Amino acid sequence: MTSRAKPSLKRNDDRIIIHFDYDCFYASVFEVENPALKSVPLGVQQKQIIVTCNYEARRRGLHKLQLVSEAKKQCPDMVIVLGEQLDRFRDASKMLYKFLESFTWNNKVEKLGFDEVFLDVTDLVAYNQSLLNPNDLSHAFFNLSRDDPTVGFPFDASRTAGYEYPGLGDTAADITAKDQELLIRLRIGSHLAQHLRHRLEEDKGYTSTVGISTSKLLAKLAGNLHKPKAQTTLMPPYESTSHEDPAGQKSTVIEFLDTHDIGKIPGIGFKMSQKIRDHVLARNVDLKDKTDSRVVKDSVSVRDVRLFPGMGPELLDELLGGLGAERGIGAKAWALINGIDESEVQTLKRVPSQISIEDSYRGISSLPEVRKELRVLATSLINRMHTDLLEPDEDNPGKKRWLAHPKTLRLSTRPQPPRNPDGTRPRSFNRISRSCPLPNFIFSLREGVDALVEKLVLETLIPLFHRLHDGKGWSLNLINICVANMVETASDTVKGGGRDISRMFKHQEEVLKEWKVEDKDVPPDWVGGNHGANDGCRSHALSRAEPSAGNDAIMKGATGSEDVIPMTQDAVDEETLYLDEESDSGKCSICDAAMPAFAMAAHERYHEFENLSE
Ligand code: DCP
Ligand code: MG
């Protein structure tokens, strides 16, 4: 049997991809709501951390992920707003994403987290390339519509809009015909990016930092070169000529990537980069700082990895593979290290894969409290279902219709483990869950939300809760309710095609295949200590459910999120990721400050800097 063919490292630069990162996103959301905040130093607080701050604050030396107490010391007149309610950010994110989507022809618009978006604008660029007059590139007109030639803007196709990387000026002089062609497409893309950036700012009030290239990987990294309120295009040549010819052209892609720390490559997460770094450092004394033993040089660049003896897909598979790792992970990582990322920009999802609402508590241990919290959560859930899953009904003006019906309701809790003999409580991220079919009455648009909530809590959620926790002795620090397994309703699938039932079912099948959430119940046997402690089987169940990055392993299967190449929005439902990360807050081991789990690594790194500069 032959082993799987080695993936080629051949570049394919047929696409044009734009990456957007909104500047100081959370702070901007508040500024758009209240423009007076623009001129004051503004920080957004979650737990004891300033998760982000506006540019007025940054001008005064404040920065992201600083302790609130320190920020206040440094800048006593700073205005602090609370950012623990994520709804406003989610809504702003969605609005901006839809706005960008309205400019695309192929609907390829993919959200990464709340404040980053990829657009695949290959088709718009190709169309405008075909309209160029090669004798008068400077007076071009960018057509935003294929149907209406007046919709668009004039532009100068002989130059790039915004910054170029490398920024050495005239690339166009002696490049190959292939690169010439890539150059013109990138330039057209850069003008579109600039137009969209201006629209975002003028129409919506958000400034952004943008990168333009031929893949998600390169567009995202290129954008980082000039922040904020700016854009950078990664210029050709993307391919090097023969390696032996020292005078030959060098790939700007390799040159650019080589300067990055390995951990900065999207798709190579923190844990993966740690494994690669350990391997490279352990074997390479040159990278250890011999002059000063206090300084542990732990930065390993992409170049260090790329040129490391024996490095390649097989070695990377050895280093990164193993239980729970994605298949072909070595080849994927190797491609990324060489600047190759073929992952597609996903098309807009009309419907989220699930809607999940949760809150964390200090410890809830009585049924009336549970009922009260379930009411609060169910109210948000139904409201979210109404915003995300209803659309105006074209057949009944003024009425709304469901875009999709979720089929499953899941209740999850995170019980606190029993106290240790010394009175302390072990920390737990483990969730348990039970699910059942979502009752149909929830889709009623005649009954008020309160009535629906009451019925859902009494008839469905409380019985589900009893299946999770019988008897007494439980104490919960988190409750989550979630609807999943969306089935799109008919009318959208039959647009212009009559009410064709078989098409509808076929479509449903596809939709289900893509969105099927692994919906395993996790048995609650270990909870409350009333079932005896750890027999082998239970401790296995516990460790399986232990999430590696603070997100919900039960819902997403057994893999930790960081070892999965996270470039597509399919891999992880980012909305729950954010929610889960928010609730799984913890304490900094150095200063004991409370903060969301996702901020922890960056925050601790900040302490390291502090120590170095002392
Ligand atoms: N965020 C957070 N905690 C983190 C990272 C991000 O709460 N560890 C939130 C706050 C940010 C938003 O997500 O506003 C986007 O994250 P960015 O890292 O892109 O930060 P900003 O958009 O605020 O700043 P920049 O201008 O550097 O993009
Ligand atoms: Mg941002």
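In this predicted model, a good place to start is an open sheet of 4 strands, arranged in the order 4-3-2-5 with mixed pairing. Its edges are formed by strand 4 (66-67) and strand 5 (79-82), each of which pairs on one side only. If you look at how strand 4 is attached, you will find that its pairing with strand 3 (residues 49-53) is antiparallel and runs over 2 bridges. Here I50 stands opposite Q66 of strand 4.

Now bring helix 1 (residues 25-33) into view. Helix 1 packs on this sheet, where it touches strand 2 (42-46), strand 3 and strand 5. The direction of helix 1 makes about 115° with that of strand 2.

Helix 1 also leads us on to helix 4, since the axes of the two come within 10 Å and cross at roughly 85°. An angle from 65 to 115 degrees counts as roughly perpendicular, and helix 1 and helix 4 are therefore roughly perpendicular to each other. On the helix 1 side, the contact uses F25, Y26, V29, F30 and E33, which meet R88, F89, A92, S93 and L96 of helix 4. Sorted by class, this contact between helix 1 and helix 4 holds 7 nonpolar, 1 polar and 2 charged residues.

From here, follow helix 4 (residues 87-101) to another of its partners, helix 6 (residues 177-204). These two helices pack at an angle of about 135°, and their axes are 11 Å apart. Helix 4 and helix 6 are therefore oblique to each other, and their crossing is right-handed. M95, L96, F99 and L100 are the helix 4 residues here, and they meet L196, R199, L200, D203 and K204 in helix 6. By class, there are 6 nonpolar and 3 charged residues in this contact, with no polar ones. Notice that L96 of helix 4 takes part in the contact with helix 1 and in the contact with helix 6.

Further along the chain, let us turn to another sheet. This open sheet of 4 strands has the order 13-18-16-17 and antiparallel pairing. Strand 13 (354-364) and strand 17 (432-437) each have a single partner strand, so one side of each has no neighbour in the sheet. On average, and ignoring direction, neighbouring strands are turned by 15° against each other. Within the sheet, strand 16 (residues 404-415) and strand 18 (residues 476-488) run antiparallel and are joined by 11 bridges. One bridge pairs A404 with E488 in strand 18.

This sheet, too, has a helix packed on it: helix 13 (residues 367-389) touches strand 13, strand 16 and strand 18. The direction of helix 13 makes about 160° with that of strand 13.

Definitions and conventions
Residues numbered from 1 in each chain as written. Chains lettered and ligands numbered in written order. Predicted model: local features only at pLDDT ≥ 70, side-chain atom pairs only at ≥ 80, totals over all residues. Heavy atoms only, no water. Axes fitted to C-alpha atoms, helices over the stretch in contact; angles between N-to-C directions. Parallel < 35°, antiparallel > 145°, perpendicular 65-115°, else oblique. Left-handed = near helix turned anticlockwise from the far one by under 90°. Contact = heavy atoms within 4.5 Å. Nonpolar A, V, L, I, M, F, W, Y, C, P; charged D, E, K, R; others polar. Pairing = 2+ DSSP bridges.
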